[in-house]
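Here are some short exercises to try with the sequence and the model side by side. Attempt each task before you read its solution.

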Amino acid sequence: MARIPYADCGSEAVRPLAERIVAERGSILHLYQMLMHSAPVAEGWLQYLTAIRQKSGLPGDLRELVIMRVALLNRAPYEADQHAPIALAEGVSQAKLDALNAWQDSLLFDARERAVLAYTDAMTRQVQVADEVFAAVAAHFEPPRLVELTATVAAYNMVSRFLEAMQIHSHDPRQIQK
């Protein structure tokens, strides 16, 4: 159960944003219903994550591998629950999702994926990235994609940290947007 009640998405302060989220995404997820306690934060979050997920040139399969690895490292099941179907739809195999816990020992991942996963691990676990890890990932991407990759790892670390600090879970009861 979440640490504080989910926001009332029908309140005057957040109704326009709630309606926009429903129009763009079909519903308001637990995460956004919690963020709605602060409309400016929720709106900024929505813009940032929309840019990461829908406007970035980073290939969808790599983006979702990053998100799933971050969720695993940060023990953020809500994040993994939300993104596993997206990862599969983006072409990540179930076998790769199953192997993410020990990706270093798996033959399923190609050199580019391994470089991305090593970069994700470094950014998530140590924050600072060793030169050799950066060089390995930089060998596969031009600067715009490197920026997008880095922003994706950073963004989903933010997401998982928020989810876990607030104890947001998929099974939590919440207000349904009408």
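**Exercise 1.** Which exposed residues does the face of α1 turned away from its buried side carry?

*Solution.* Start with the ground rules. This is a predicted model, in which local features need pLDDT of at least 70 and side-chain atom pairs count only at pLDDT 80 or more, while totals for chains, interfaces and linings use all residues. Residues are numbered from 1 along each chain as its sequence is written, and side-chain values use heavy atoms, with hydrogens and water left out.

Step 1: find the helix. Helices are DSSP runs (H or I, at least four residues), numbered from the N terminus, and α1 spans 15-25.

Step 2: sort its residues. Buried means under 20% relative accessible area and exposed over 50%, with partly exposed in between (1.4 Å probe, protein chains only). Leu17, Ala18 and Ile21 of α1 are buried.

Step 3: look down the axis. The buried residues of α1 fall within an arc of 100°, so they line one face of the helix; the arc is that of the directions from the helix axis to the C-beta atoms.

Step 4: turn to the other face. There you meet Pro16 and Ala23, which are exposed.

**Exercise 2.** Describe how α1 and α3 pack.

*Solution.* Step 1: recall what to report. Two packed helices are described by the angle between their axes and the distance between the axes.

Step 2: read both values. The axes of α1 and α3 come within 11 Å and cross at roughly 20°. Axes here are lines fitted to C-alpha atoms, for helices over the stretch in contact, and angles run from 0 to 180 degrees between N-to-C directions.

Step 3: classify the pair. Angles under 35 degrees count as roughly parallel, and α1 and α3 are therefore roughly parallel to each other.

Step 4: name the partners. Contact means heavy atoms within 4.5 Å. Among the residues making it are Leu17 and Ile21 of α1, and Ala42 and Leu46 of α3.

Step 5: ask what lies over the buried residues of α1. Their cover includes α2 and α3.

**Exercise 3.** Where is Thr120, and what does Thr120 touch?

*Solution.* Step 1: place the residue. Thr120 belongs to helix α7.

Step 2: check its exposure. Thr120 has a relative accessible area of 0%, so this residue is buried.

Step 3: list its neighbours. Leaving aside residues up to four places away in sequence, Thr120 touches Val66, Arg69, Val70, Leu73 and Val153.

Methods
Helices (H or I, at least four residues) and strands (E, at least two) are DSSP runs, numbered from the N terminus. Angles under 35 degrees count as roughly parallel, over 145 as roughly antiparallel, 65 to 115 as roughly perpendicular and the rest as oblique.
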